[in-house]
Amino acid sequence: MTKKLSSFKGYIYLLLFLSGAIFTACTQGQSRNTGNSNYTKDYSKTKVFGEMVAELTAPPHVPPPVGNRPAMKLYMEMEITEEEMEMADGVSYLFWTFGGTVPGSFIRARVGDEVEFKIKNHPDNKLPHNIDLHAVTGQGGGAEASFVAPGHEKTFSFKLINPGLYVYHCATAPVGMHIANGMYGLILVEPEGGLPPVDKEFYVMQGDFYTEGRFGEPGLQPFDMQKAYDERPDYVVFNGSVNALSGENALQAKAGETIRIFFGNGGPNLASSFHVIGEIFDKVYVDGGDQVNSNVGTTLVPAGGAAILEFKADVPSNLVLVDHSIFRAFNKGALGILSVTGKENEKIFAGEIMEGIYLPEGSTIQKMPKDGNVVSPPVTMTKSELIDTGKKIYMQACFACHQANGEGVANAFPPLANADYLNADVNRSIDVLLHGLSGEITVNGKKYNSIMPSQQLKDEEVAAVLTYVYNSWGNNGTEVTPDMVNKRRKK
Ligand code: HEC
Ligand SMILES: [Cu+2]
């Protein structure tokens with residue numbers, strides 16, 4: 001009995017000991033999880049050594065890393081401008097900026113730094129502005145202290161006591177309107193010793209824009225307060241315009257390089273489901289803080305929030321940055337390219353290695369079964385019959401990508417309306433439908449580098465749809481006969 005009791009006691013002690021150990025392990029684990037052993041350190045008393053003028057950079061560039069330097073006194077200057085700039089091809093907008101760009105200049109500092117910040121409101125500007133930095137502890141993040149009229153400058157100072165990646169923005173009433181016009185940017189406060197080194201760093205920020213005209217409507221587009229209020233943006237873009245990160249503005253890297261993206265979301269309204277098509281984030285500093293998640297496909301970045309994303313660009317490809325709320329990417333502009341060049345690695349990705357014929361119902365079926373409502377045209381047709389039939393085929397087979405009036409989608413699907421590429425060579429167009437198309441092409445002065453799948457259409461169907469396309473939207477009126485298609489097929 002006593003033996004039993006004492007062993008019972010021992011059991012209780014063991015339990016107490018274990019739960020204590022688990023408790024300490026948990027709390028230790030928590031601070032270790034932060035990825036920063038100085039998590040609880042109070043930086044408000046950190047001494048500064050020396051002073052310097054901070055370099056601020058325009059997107060997509062970032063200033064050099066802080067590395068091992070001690071906390072310092074930092075001088076910064078930023079000029080606010082109100083200027084007309086491009087929103088999309090043929091569309092301009094009166095942006096309000098921190099430093100002449102949307103998003104505003106990137107600020108890079110170190111925890112413990114003491115910043116003297118001068119903000120200048122250009123004399124040509126119409127309105128007062130200010131700055132609220134989420135990295136700043138103090139009234140309004142500096143908003144009151146920095147409130148400045150056109151033709152004036154203000155200086156205020158603060159100490160950076162929390163490491164992380166933070167949004168800054170204008171906070172002058174109406175606040176929503178100042179942010180909607182592009183007044184936001186990122187400030188990075190690196191931890192002691194800096195972030196681990198990587199090969200390439202980029203600065204990308206999403207924003208939603210509200211214009212009187214719909215997406216793509218040309219001319220200078222005024223801000224639309226009602227749409228902003230209703231949260232119905234016409235544009236959702238990276239770095240202030242539809243083309244900021246594509247074509248010749250695409251980000252560049254080489255296969256094998258490690259990449260870090262400082263990603264922020266200025267809003268004013270939408271959260272971003274940020275994703276890079278063709279990559280996986282090896283690391284995500286969630287919300288730009290200490291918590292590091294790994295192996296992430298899509299990460300949510302709230303309006304007024306940020307995240308640090310890291311990955312190795314393993315194989316050459318065009319990585320596509322998107323807001324995976326996908327209509328925003330393909331229809332409102334939230335799409336950018338990171339072009340990775342270099343040597344293929346077929347162990348990681350081998351592309352298409354074989355295309356076979358898939359016959360789920362045995363070898364007797366030789367044609368792709370089709371929907372009952374796909375039109376099968378008669379073999380001989382007049383030109384107007386070809387056009388009528390072609391229109392129906394177009395609405396079933398082409399419309400999704402090339403759009404209802406052949407206008408295409410910027411950076412993704414080339415136009416078929418008034419298209420020089422199409423009108424230049426009918427045989428080439430037939431080949432595109434028979435065999436598909438990939439690789440870089442230029443249509444009406446714009447480069448496209450994507451893939452059109454081969455279309456499973458009969459000769460008559462190819463003839464009809466192309467005749468319809470050639471006889472619509474300002475094209476040259478060519479008639480394509482089934483015979484012409486058949487000749488190309490036999491080539
Ligand atoms: C899944 C999307 C998709 C569909 C469906 C599609 N295309 Fe395309 N098409 C593309 C892409 C992408 C390109 C550009 C390929 C490249 O960059 O090399 C292209 C290129 C073309 C071109 C040459 C470029 C130009 O602008 O003249 C023609 C012609 C064309 N498509 C016609 C058609 C027709 C007709 C159909 C319907 C039968 C069709 N496409 C269906 C995506 C598509
Ligand atoms: Cu402002």
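In this predicted model, H169 makes contacts with D132, I179, M183, Y184 and G266, once its neighbours within four places in sequence are set aside. The residue sits in strand β8, which spans residues 164-169. Is H169 buried or exposed? A residue counts as buried when 20 or more other C-beta atoms lie within 10 Å of its own, and H169 has 28 such neighbours, so H169 is buried. H169 also appears in the UniProt record: in an unreviewed entry, the annotation "binding site" covers H129, H134, H169, C170, H178, M183 and H324.

M183, another residue under that UniProt annotation, is one of the contacts of H169. M183 is found in the loop between α3 (175-180) and β9 (184-190). Its surroundings can be judged in the same way: M183 has 30 C-beta neighbours inside 10 Å and therefore counts as buried. Which residues does M183 touch, not counting those up to four places away in sequence? They are W96, T97, F98, H129, H169, C170 and H178. Among the residues in the "binding site" annotation of the record are H129, H169, C170 and H178, and M183 touches each of these four.

The strand that holds H169 can now be placed in its sheet. Strands β4, β9, β8 and β6 form an open sheet of 4 strands, in the order β4-β9-β8-β6, with mixed pairing. At the edges stand β4 (107-110) and β6 (132-133), each of which pairs on one side only. Strands of a sheet pair through backbone hydrogen bonds, and the pairing may be parallel or antiparallel. For β6 and β8 the sense is antiparallel, over 2 bridges. Here D132 has H169 in β8 as its bridge partner, and D132 is also listed among the contacts of H169.

A second open sheet has 6 strands, arranged in the order β12-β10-β14-β19-β16-β17, and its pairing is mixed too. Its edge strands, β12 (235-238) and β17 (292-296), each pair on one side only. From one strand to the next, the twist averages 20 degrees. Within this sheet, β16 (residues 281-285) pairs with β19 (residues 305-312) in the antiparallel sense over 3 bridges. A helpful pair to look for is K283, which stands opposite E310 in β19.

Strand β15 (residues 272-277) offers further pairings to follow. With strand β18 (residues 298-301), β15 pairs in the antiparallel sense over 4 bridges, and S272 has V301 in β18 as its bridge partner. Strand β15 is also joined by 4 bridges to strand β20 (residues 317-323), and these two run antiparallel. In that pairing, H275 has V322 of β20 as its bridge partner. Strand β20 pairs in turn with strand β21 (residues 335-341), in the antiparallel sense over 6 bridges.

Why is β20 described as largely enclosed by the rest of the structure? The reason is that 5 of its 7 residues are buried. L321 lies in this strand, and L321 counts as buried because 26 C-beta neighbours fall inside 10 Å. Opposite L321 in β21 stands G336. Residues up to four places away in sequence aside, L321 touches V204, F238, L245, V276, L335, G336 and L338. The chain also brings distant parts of the sequence towards one another: L321 and S246 are 75 residues apart in sequence, yet their C-alpha atoms are 9.9 Å apart in space.

Attention can now turn to ligand 1. This ligand is surrounded by 29 residues, of which the closest are C398, C401, P414, L422 and M452. The elements giving two or more residues to this shell are α7 (399-402), α8 (420-424), α9 (426-435), β22 (437-443), β23 (446-452) and α10 (459-470). What classes of residue make up the shell around ligand 1? The shell has 22 nonpolar and 7 polar residues, with no charged residues.

A view of the whole chain completes the picture. The protein chain has 11 helices and 23 strands. Of its 491 residues, 38% are buried. Among contacts between residues at least 6 apart in sequence, 70% join residues at least 24 apart.

Notes: Residues are numbered from 1 along each chain as its sequence is written. Chains are lettered from A and ligands numbered from 1 in the order in which they are written. This is a predicted model: local features need pLDDT of at least 70, side-chain atom pairs count only at pLDDT 80 or more; totals for chains, interfaces and linings use all residues. UniProt positions are given in the numbering used here, feature names are shortened, and annotations may be inferred rather than shown by experiment. A residue is buried if 20 or more other C-beta atoms lie within 10 Å of its own, exposed if 12 or fewer, and partly exposed in between; C-beta atoms are placed from the backbone. Two residues are in contact if their C-beta atoms, placed from the backbone, lie within 7 Å. A residue is near a molecule or strand if its C-beta atom, placed from the backbone, lies within 6 Å of it. Ala, Val, Leu, Ile, Met, Phe, Trp, Tyr, Cys and Pro count as nonpolar, Asp, Glu, Lys and Arg as charged, and the others, Gly among them, as polar. Two strands pair if DSSP finds at least two bridges between them. Axes are lines fitted to C-alpha atoms, for helices over the stretch in contact, and angles run from 0 to 180 degrees between N-to-C directions.
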